[in-house]
Number of protein chains: 2
Amino acid sequence: MSAASASGTFKASDLQIDFCPPENLKMKPAVKDLVFGRSFTDHMLKIFYTDQSGWGQPRITPLQDLRLHPAAKVLHYSVELFEGMKAFRGVDDEIRLFRPHKNMERMNRTAARCSLPTFDGDELIAILKKMISVDQEWVPHTESSSLYIRPTLIGTEVFPYSTLNKVHPKLGTPVTTPYIGGHWKEQDNTSIDWLIKPTLGVQRPVEALLFVILSPVGPYFSSGFKPVSLLADPQYVRAWPGGMGMMKSGSNYGPTLEVQRYAEAKGLHQVLWLFGPEHRITEVGAMNIFIFLDKGNGEKELVTPPLDGLILPGVTRDSLLTLAREWGEFQVSERDITMTELVQASHDKKLLEMFGAGTAAVVTPVGSIHYQDQVINIPTMDHDQPLNQRFYKTITGIQYGRIPSPWAIPNQ
Amino acid sequence: MSAASASGTFKASDLQIDFCPPENLKMKPAVKDLVFGRSFTDHMLKIFYTDQSGWGQPRITPLQDLRLHPAAKVLHYSVELFEGMKAFRGVDDEIRLFRPHKNMERMNRTAARCSLPTFDGDELIAILKKMISVDQEWVPHTESSSLYIRPTLIGTEVFPYSTLNKVHPKLGTPVTTPYIGGHWKEQDNTSIDWLIKPTLGVQRPVEALLFVILSPVGPYFSSGFKPVSLLADPQYVRAWPGGMGMMKSGSNYGPTLEVQRYAEAKGLHQVLWLFGPEHRITEVGAMNIFIFLDKGNGEKELVTPPLDGLILPGVTRDSLLTLAREWGEFQVSERDITMTELVQASHDKKLLEMFGAGTAAVVTPVGSIHYQDQVINIPTMDHDQPLNQRFYKTITGIQYGRIPSPWAIPNQ
């Protein structure tokens with residue numbers, strides 16, 4: 001597909017703030033009661049987009065319900081994407097973001113693939129900083145808690161068919177499939193716009209809404225690093241070549257809920273998604289996956305599946321790979337790894353650690369994999385100094401201001 | 001996965017109707033101005049579901065915006081599904097539905113796969129009939145126009161994580177992935193409920209909303225049966241074994257929009273989705289596909305891809321297969337067919353017709369397929385009595401009351 005045409009951008013300098021009246025400010029939950037995504041701060045951000053006028057003025061308002069026409073595209077055709085980021089209150093009381101530009105890059109990549117409008121990520125980061133300042137008392141004053149940031153972009157216009165009040169100027173027939181505006185390229189490479197007002201030349205949705213909500217979140221593991229168990233059932237497939245597995249779109253999540261329920265009904269925590277006849281390991285839906293192997297000759301290898309289009313390019317994944325390569329103490333491989341190799345390594349006592357990597361918990365130790373008739377037990381936390389804990393301490397050290405790093409962006 | 005537990009049902013006998021005030025009734029568009037999904041009737045249906053209390057009272061209200069919390073699951077994780085049906089005003093002025101039970105069966109299958117609550121399809125049909133009666137003047141008084149019915153089911157509760165205020169009773173750790181309530185089966189096969197109030201034992205979402213909107217639609221082809229052109233590009237893949245390609249969930253549609261845009265930028269109407277190294281023909285996203293072949297020995301064969309999990313089990317697809325088998329005049333095959341076979345048949349002048357089948361247009365003749373460097377022209381409409389037109393006349397004859405059939409359900 002051709003590159004997405006520019007959708008212009010909104011500007012942080014246009015930001016308008018409608019403060020929540022003091023009498024409506026909510027009580028902040030105690031840190032011990034914080035649960036992921038259960039409570040929300042006092043404000044939200046909304047930026048509307050229309051094909052006719054482009055991005056509108058960014059507005060911070062009190063948190064409020066969205067009003068959507070029941071034919072809004074997001075409710076029928078999953079025209080929706082999101083990001084997950086966090087703000088941390090450091091040991092020095094400074095608030096920091098962690099590599100927010102990575103989230104902005106991925107959000108724009110996903111938007112282009114989802115026929116949603118793109119924007120300048122630096123502008124959204126500047127707005128998020130302002131938003132976090134407005135709700136700064138919601139950034140927990142306790143290490144290991146943080147403020148979760150959920151940027152979301154949805155297609156809001158009535159039915160994709162709603163703009164199709166004309167026949168296609170070249171095809172001579174009505175355009176009858178989900179369609180969201182476009183232009184027609186003549187054989188001589190000139191182009192004419194159609195369906196949409198001809199001066200804009202857009203290829204984006206007719207209407208969209210970018211909104212951001214904030215949620216204080218507690219320690220991911222309230223009872224320490226208890227390893228999780230994974231169901232690896234090859235009959236369920238999350239993503240495939242030619243699909244959208246590398247995008248952070250809503251469509252990658254809805255289909256997994258029932259499989260997750262199935263795993264939990266078996267007493268397991270999460271799903272390890274496999275792919276292909278070789279049962280390649282891909283990811284854990286909410287996390288990327290890392291495997292630490294003893295190579296047998298005194299060498300060790302950290303393996304994670306490559307960015308082949310089947311897995312989400314996680315920010316934490318990238319951070320762990322970068323750290324490991326800086327350390328230079330063991331081999332670091334982005335390569336395919338199959339269940340057969342994993343089973344063999346376990347049998348040979350070469351499987352040292354396995355852990356998930358994601359924004360929610362940084363690293364999540366894996367204790368066992370339930371695969372066909374086997375249970376593969378993994379001694380992830382049974383070493384003196386587990387690699388996953390070294391990663392955890394380094395990343396959280398950067399996030400909470402103990403370790404200086406360009407990855408920690410002051411909220412100023 | 002285990003069969004979905006029953007979610008109970010709502011009852012048509014509980015239906016409450018809040019009529020739109022006469023002064024707010026909208027002007028009905030002229031039939032010549034009707035476009036798919038552009039105008040909506042005066043009323044809508046809403047039925048709320050919660051885990052605690054099950055399905056609520058069905059209510060017909062004036063058409064109005066939905067209010068959703070910005071963390072509603074449908075906006076982030078594509079927890080959403082829909083159906084497409086029609087009501088027809090017959091030549092005798094009676095209003096009829098076409099095989100609505102097929103839509104109800106598919107809607108419940110999709111709901112179970114999407115972790116959304118199921119219901120008794122007969123009850124929804126009874127409610128739809130009442131709703132159509134309320135808005136009966138919106139059923140166009142012209143043959144070839146009809147009233148499109150869009151039942152939709154969305155997950156509305158705040159974040160999937162919102163119910164997770166406790167650790168898992170057996171796992172001893174917080175449940176951290178998208179999860180929507182469940183119960184835990186003890187090894188002795190007794191079960192305990194958790195997270196949700198323990199008296200209900202549900203495995204369904206905490207909150208959901210079933211709503212229905214109605215839209216009068218015009219003739220699908222305003223300028224006769226002009227054949228459409230299809231892009232068959234193997235680099236884009238709609239569905240995969242182990243995925244949800246056979247479900248009418250929103251997640252099957254959002255990822256196709258940008259590929260559709262790409263096809264239209266090439267001057268083509270729609271996308272023919274291929275699968276696998278043999279480039280098997282699957283479906284056209286909004287339609288199933290049929291191919292009519294000359295077998296060379298005086299025999300003819302109607303081919304459509306099998307229900308192998310990759311394609312939507314269309315109601316029109318089933319209707320055409322049933323009619324063709326009743327006629328008994330040619331071979332009827334649900335089998336795999338590849339682009340190689342299609343190209344060879346075209347070369348040998350054995351490719352008689354190709355057409356899409358769906359609720360929107362009944363049949364849509366295909367005139368050409370653009371595949372790699374080839375353009376395959378298909379003489380679909382160049383025969384004296386095209387098979388696709390015989391199908392069209394039979395199905396619309398049933399829908400508009402000219403041909404008696406148990407498929408036409410009176411709206412009474």
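What follows is a chat between a visitor and a guide about the predicted model shown above.

Guide: Some ground rules: residues count from 1 along each chain as its sequence is written, while chains are lettered from A and ligands numbered from 1 in the order in which they are written. This is a predicted model, where local features need pLDDT of at least 70, side-chain atom pairs count only at pLDDT 80 or more, and totals for chains, interfaces and linings use all residues; side-chain values use heavy atoms, leaving out hydrogens and water.

Visitor: What pLDDT does chain A average?
Guide: pLDDT is the predictor's confidence in each residue, from 0 to 100. In chain A, 85% of the residues score at least 70. The chain A average is 86.

Visitor: Over which residues of chain A is the pLDDT below 50, in a stretch with 50 contacts beyond near neighbours in sequence?
Guide: A contact means heavy atoms within 4.5 Å. Where pLDDT is low, the predicted coordinates should not be read in detail. The stretch you're after is residues 159-171.

Visitor: What ipTM does the predictor give the complex?
Guide: The predictor reports two scores for the complex, and its pTM is 0.89. The ipTM is 0.89.

Visitor: How many strands are there in chain A?
Guide: Helices (H or I, at least four residues) and strands (E, at least two) are DSSP runs, numbered from the N terminus. Chain A has seven helices. Its strand count is 23.

Visitor: What percentage of chain A's residues is buried?
Guide: Buried means under 20% relative accessible area, exposed over 50%, and partly exposed in between (1.4 Å probe, protein chains only). Chain A has 412 residues. The buried share of them is 62%.

Visitor: Which lysine does UniProt list as a modified residue, and is it buried or exposed?
Guide: The unreviewed UniProt entry gives "modified residue: N6-(pyridoxal phosphate)lysine" for Lys248(A); positions there follow the numbering used here, feature names are shortened, and annotations may be inferred rather than shown by experiment. Lys248(A) sits in the loop between strand E13 (228-232) and helix H4 (257-265) of chain A. Leaving aside neighbours within four places in sequence, Lys248(A) has contacts including Phe82(A), Arg106(A), Tyr253(A) and Leu312(A). With a relative accessible area of 11%, Lys248(A) is buried.

Visitor: Why does Asn108(A) count as buried?
Guide: Asn108(A) lies in helix H2 (residues 100-113) of chain A. Leaving aside neighbours within four places in sequence, it touches Thr118(A), Phe119(A) and Gly121(A). Asn108(A) counts as buried because its relative accessibility is 16%.

Visitor: Over in chain B, how far apart are the C-alpha atoms of Gly121(B) and Lys102(B)?
Guide: Gly121(B) lies in helix H3 (residues 121-134) of chain B and counts as buried at 11% relative accessibility. Leaving aside neighbours within four places in sequence, Gly121(B) is in contact with Met104(B) and Asn108(B). Gly121(B) and Lys102(B) are 19 residues apart along the chain, and their C-alpha atoms are separated by 9.3 Å.

Visitor: What should helix H5 of chain B span at 1.5 Å a residue?
Guide: The expected span is 1.5 Å times one less than the number of residues. Helix H5(B) has 13 residues, 315-327, and its end C-alpha atoms are 18 Å apart, which agrees with the expected span. Just after H5(B), Gly328(B) takes a positive phi of about 65°. The span asked for is 18 Å.

Visitor: Which residue stands opposite Phe292(A) in E20(A)?
Guide: Two strands pair if DSSP finds at least two bridges between them. Strand E17 (residues 288-294) of chain A has six of its seven residues buried, and six bridges join E17(A) to the antiparallel strand E20 (residues 351-358). Opposite Phe292(A) stands Glu353(A).

Visitor: Which turn residue has a positive phi in the hairpin of E17(A) and E18(A)?
Guide: E17(A) and strand E18 (residues 300-304) pair in the antiparallel sense over four bridges, with Ile291(A) opposite Val303(A). The hairpin leaves five residues between the strands. The one with a positive phi, of about 95°, is Gly296(A).

Visitor: Which residue of E23(B) stands opposite Leu97(B)?
Guide: Both faces of strand E8 (residues 95-98) of chain B are covered, with Ile95(B) and Leu97(B) on one side and Arg96(B) and Phe98(B) on the other, all buried. Three bridges join E8(B) to the antiparallel strand E23 (residues 408-410). Opposite Leu97(B) is Ile409(B).
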